[in-house]
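Please explain this structure to a reader who is meeting it for the first time, going through its parts one after another.

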Amino acid sequence: MNRKVKRRNKGPLAREAQVTGWLFISPMLLGFTLLLLFPMGKALYMSLNDWPLLGGHRFVGLDNYKDIAVDPLFWKVFGNTAYFTLGLVPFNIVLALMLALLLSRSLKGIGIFRTAIFVPVMTSLIVWSIVWKYMFATDSGLINQLLMLFNIKGAAWLYDERLAMPAVIVTSVLKNVGLNMVLFIAAIQQVSRSLYEAAELDGAGKTKTFFNVTLPMITPTVFLTVVMTVIGSLKVFGQIYVMTQGGPSNSTKVLVYYIWEKAFKLFQMGYASALAFVLFFVVLILTLLQWQLRKRWVFNEGDA
Amino acid sequence: MKKAGAVLLSAMLLGLTAGCAKPAASGNAESPGKQEDVELKFLMWGNQGHMDVYNKLISQFEADNPGIKVTMDSVPFTDYQQKISVLAAGKSLPDIAWVSERMIPQFKANGILADVSSFKDDASFNLDDYIPSTLDLFRDGDQLLGLPFSTPPVVMFYNKTLFDKANLTDPNTLASEGKWTWKTFEESAKAIAVKDAGGRVYGANFFRDWKTWAILSSYAWSYGSGPFNEDLTAFTWNDQYGVETMELLERMMYEDESHPKAGEQISFDAGNLGMFFDNYSYVSKARDIKGFEWSIAPMPSGSAGSVPMLGQAGYTLFKDSKHPEEAKKLLKLFASQSGIEATSTYFVPPRTSVLNSDAFLNQPNNPPAEHIVQAVIDEMPKARIIPGHIRWQDIDNAVLQGFDRLFGRSASAKDNMAKMQSDVEAILK
């Protein structure tokens, strides 16, 4: 490839074509450089400095990263992020798949159910979180009021160290499950009818058909949703900010919230930038890992 | 064709960059040159009532100073310090702003506050009218880094109608007889509370937004102790009185169920809350209450009497203001006798002449004047201020986590206080 391009570059006509090409992509390139590449470079530089919001900064090399390695709160936050991700991703994917199986059939009025589950995706995350915060309230919350009807004394959902994270996970799953469901419905409806007929002729039951026909055929979509959901859950912030502010006792403090707190509450910009780069590499490594593993389990990829 | 495309594109790009540059250029044109273009920015955290008072002052100022325009912005108190810090970093600070005692150590350390000590020599301003102790917070060597407009002690707002319903003597009467103790307070709260889900009534609430733990310092203060030592170098709440504070709150929340549980939004003006602690400035909201009778009373007392927490708020100017002279003029109006008189509708005035005037006491819909004298003016000499600290945010976080443990019932009051002490002292070191 490279050699070919080089050869083509030689002609004056080709050079002009190249200039035009660069000009055509320049708006995007300009935006990318100014709004993404430059801030990222600056953040990398900040992460190597002791950088208060006001006043001068001081180059400290890798000290911020060394501090992160021994910061007990960072490891707690890291664990919380892992807890959130491991709690949310399987729950979200399995629920989305189950809903998709239920709702992929074309029955009368099925649209209403699909819409009902998809509407939260379109709602503002902040509004959704505020509503759930009120529903989880200890005495006056809807959930505990409902439990009261059955004479069950509900817990202090968002103020109990063991319950706050599951509560946030449930809120987040219900918010976003609709998106994955829609993707699954589309994938399921793409599976060729002839495969089902063949399975039926071979005497496969419903479970067998699902595991041996439907699931393998939609693995590209499963892969896509898993990657997107993992990245999304590593970057969770809004729900935490609204519902728990990282509490009680740091039990729901996740990485992005910690970055925000360090940067905009405690004004340790350098340390916050270093944390952001740690998150960047975590996301990068996880995505590369998933990409590698894809070859093992993703089936039916068009161009493979 | 290709060439034309390239030219067109570069023209578009040029236009784009020029478009970006434009606002900055016109921004420059605004400064000194033309007189009528001066715009002063005033930042505060007040509510609509406060803004109405300032709008009157501002239109008076604009009439007296043609060519100067003042714009006022309000930012919620919880975000305020953060907002100012970010604005300072972005070099877009307002010209004049409210600050509270919490924020001053940080802003002092950042070196962003402007000196206003020249008011000392201004006879018409009469700085001597200010109660000297109210200026302490703003002094820095010979410099004066701001002027107070409000020095409110925390008072107890109570719902008289609920007290009557529960056949209780009101706190003002008890206080004047010296019987308004923490024990009576706790019992009153229990008597007022109604646990039915339908007509739920709470006895008392210490928390405005589940962050105002500092109000609880009064318990330890009233027994001669307190959360911190004088200069905030040691955490002293981990003693008998600190533990008792936590136990009191625990009993009220979980045994008597007279205090709302963490996260509940129970507001005093809704009428289902017996007692509520807040700065005197909350009268601005309470005056609109229609459904029940209310008044204010002193904090409950311990063996050393009653000790409320004192808040302080003032005006400051910023060093890199583009219009320092005009900003000073506006400050002079806000902080003058007539300015302080106007804001005393809502704020406890720092000027002796205004504090002792009938105008402060007899506002429409105010609680009875004798209650204001009892709960505010007589309490002020005893009031304590929590000294500021450059790492206050961290300290605040550590203490709030202790309250999280209490709300989640994951630690006994004793262990909780011990943990709080080790967390806070790690920051103070």
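How far apart do the end C-alpha atoms of residues 163-188 of chain A lie, and what percentage of the span is helix? In this predicted model, the two end C-alpha atoms lie 35 Å apart, and the span is 96% helix and 0% strand. An unreviewed UniProt entry lists residues 163-188 of chain A among the stretches to which it gives the feature "transmembrane region", and residues 269-289 of chain A are also on that list. For residues 269-289 of chain A, the end C-alpha atoms are 30 Å apart, with 100% helix and 0% strand over the span.

The record, again an unreviewed UniProt entry, also places the feature "domain: ABC transmembrane type-1" at residues 78-290 of chain A. Over residues 78-290 of chain A, the chain is 75% helix and 0% strand, while the C-alpha atoms at the two ends of the stretch are 20 Å apart.

Two loop residues of chain A may serve as landmarks. V191(A) is placed in the loop between α8 and α9 (193-201) of chain A, and V191(A) counts as buried because its relative accessible area is 7%, which is under 20%. Apart from neighbours within four places in sequence, V191(A) is in contact with Y196(A), V213(A), M217(A) and I218(A). V226(A) is 35 residues away from V191(A) along the chain, and the C-alpha atoms of these two residues are separated by 20 Å. The other landmark, N151(A), sits in the loop between α7 (142-149) and α8 (164-190) of chain A, and N151(A) is exposed, with a relative accessible area of 74%. Most residues other than glycine have a negative phi. N151(A), although it is not a glycine, has a positive phi of about 60°.

Chain B offers a similar topic. R409(B), a residue other than glycine, has a positive phi near 50°; R409(B) is found in the loop between α16 (392-407) and α17 (413-428) of chain B, and its relative accessible area of 53% makes it exposed.

Chain B also contains an open sheet of five strands, arranged in the order β2-β1-β3-β11-β6 with mixed pairing. Because β2 (68-74) and β6 (147-150) of chain B stand at the edges and each has a single partner strand, one side of each is left without a neighbour in the sheet. From one strand to the next, the twist averages 30°. Within this sheet, β1 (residues 38-44) and β3 (residues 96-100) of chain B pair in the parallel sense over two bridges, and A97(B) in β3(B) is the bridge partner of L43(B). Helix α3 (residues 77-89) of chain B lies across β1 and β3 of chain B and runs at about 140° to β1(B), whereas helix α11 (residues 324-335) of chain B lies across β1, β2, β3, β6 and β11 (313-317) of chain B, running at about 160° to β11(B).

It remains to look at how the two chains meet. The contact involves 31 residues from chain A and 29 residues from chain B, and the two chains bury about 2,700 Å² between them, of which 57% is on carbon and sulfur atoms. L54(A), D139(A) and Y159(A) supply 23% of the area that chain A buries against chain B, more than any other three residues. Across the interface of chain A and chain B, zero salt bridges are found by the rule.

Methods:
Residues numbered from 1 in each chain as written. Chains lettered and ligands numbered in written order. Predicted model: local features only at pLDDT ≥ 70, side-chain atom pairs only at ≥ 80, totals over all residues. Heavy atoms only, no water. Pairing = 2+ DSSP bridges. Helix = DSSP H or I, 4+ residues; strand = E, 2+ residues; numbered from the N terminus. Axes fitted to C-alpha atoms, helices over the stretch in contact; angles between N-to-C directions. Contact = heavy atoms within 4.5 Å. Buried < 20%, exposed > 50% of the residue type's maximum accessible area, 1.4 Å probe, protein only. UniProt positions renumbered as here; feature names shortened; annotations may be inferred. Buried area = accessible area lost by both parts, 1.4 Å probe. Salt bridge = Lys/Arg side-chain N within 4 Å of Asp/Glu carboxyl O.
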